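Open the structure in your viewer and keep the selection tool at hand. The stops below say what to select next and what is there.

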Amino acid sequence: MYLNEAKATFTLPELVAGTREVNVEIDRAAKAQPCPIEGLRAEEAALMKQLKWTATVNGNTSVITLYDHAKKEKPTSGLAAMAAAVLSGGQYTDKDTQPVRVACTCGEYLAVFSAANYAADAHHGYRPRAADPRDYGYKNKVVNEGEIPGMCRHLICLYYHLKRTGRLQ
Ligand SMILES: [Zn+2]
């Protein structure tokens with residue numbers, strides 16, 4: 001488990017780049033469409049240097065797990081704590097150059113990226129079930145020929161949200 005977890009090597013900017021390579025419209029849609037994020041929560045496994053962000057994004061459950069997360073030191077004074085919380089937009093501030101694993105419950109993730117991400121150790125959780133993109137509104141049976149790891153629009157939305165709110169730098 002420990003060694004396996006340490007294998008994640010893709011970063012969020014790399015996954016965005018991969019997404020754009022597969023289909024630039026997914027990144028455009030993530031920026032252009034409203035991106036309602038509900039129930040954002042962080043679960044920290046400090047000893048394993050993991051921080052798991054989970055949110056409901058437009059009705060889908062999106063997960064981004066950071067694998068080189070540094071546990072935050074407790075600020076020494078109340079004022080410093082308040083300032084830190086305001087600056088970071090919450091309890092945690094990490095860098096987006098950390099290795100990650102991601103997952104989303106939507107058809108776009110399942111059809112386009114889940115298999116590629118699993119093969120590249122960029123998928124969070126159990127092996128995703130095999131999906132035929134034609135079951136999710138795609139014309140072709142293969143929509144990610146190069147098996148390039150990437151993210152659906154919900155994961156990209158969540159990533160941009162974490163950046164905007166100071167939870168990721
Ligand atoms: Zn999604």
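Begin with Ala42 and Trp53: Trp53, in β2, is the bridge partner of Ala42. Keep in mind throughout that this is a predicted model.

Next, widen the selection to β1 and β2. These two strands pair in the antiparallel sense, over seven bridges. Another pair to pick out is Glu44 and its bridge partner in β2, Leu51. Then go to the hairpin of β1 and β2, where four residues lie between the strands. Select Lys49 there; its phi is positive, near 55°.

Stay on β2, residues 50-57, and show its side chains. Which of them point to one face and are buried? Leu51, Trp53, Ala55 and Val57 do, while Gln50, Lys52, Thr54 and Thr56 point to the other face and are not buried. This fits a general pattern: in a regular strand the side chains alternate between the two faces of the sheet.

Now add β3, residues 60-66. It runs antiparallel to β2, and seven bridges join the two strands. Select Leu51 again, this time with Leu66 in β3, which stands opposite Leu51. Ala55 can be treated likewise: Ser62 in β3 stands opposite Ala55. The hairpin formed by β2 and β3 has two residues between the strands, and Asn58 in the turn has a positive phi of about 55°.

Zoom out to the whole sheet. Four strands make up this open sheet, in the order β1-β2-β3-β4, with antiparallel pairing. Select β1 (37-45) and β4 (100-104) to see the edge strands, each of which pairs on one side only. From one strand to the next, the twist averages 10°.

Leave the sheet and select two helices, α2 (residues 12-22) and α3 (residues 24-32). Their axes are 5 Å apart, and the helices pack at an angle of about 120°. An angle of 65 to 115 degrees would count as roughly perpendicular and one over 145 as roughly antiparallel; α2 and α3 are therefore oblique to each other. To see where they touch, select Val16, Thr19 and Arg20 in α2, which meet Val24, Ile26 and Asp27 in α3. The residues of this contact divide into three nonpolar, one polar and two charged.

Finish by colouring the chain by pLDDT. The mean is 87, and 84% of the residues reach 70 or more. Where does pLDDT stay under 50? Residues 1-5 are such a stretch, and the model has two contacts for them beyond four places in sequence. Where pLDDT is low, the predicted coordinates should not be read in detail.

Methods: Residues numbered from 1 in each chain as written. Predicted model: local features only at pLDDT ≥ 70, side-chain atom pairs only at ≥ 80, totals over all residues. pLDDT = per-residue confidence, 0-100. Contact = placed C-beta atoms within 7 Å. Axes fitted to C-alpha atoms, helices over the stretch in contact; angles between N-to-C directions. Parallel < 35°, antiparallel > 145°, perpendicular 65-115°, else oblique. Nonpolar A, V, L, I, M, F, W, Y, C, P; charged D, E, K, R; others polar. Pairing = 2+ DSSP bridges. Buried ≥ 20, exposed ≤ 12 C-beta atoms within 10 Å, placed from the backbone.
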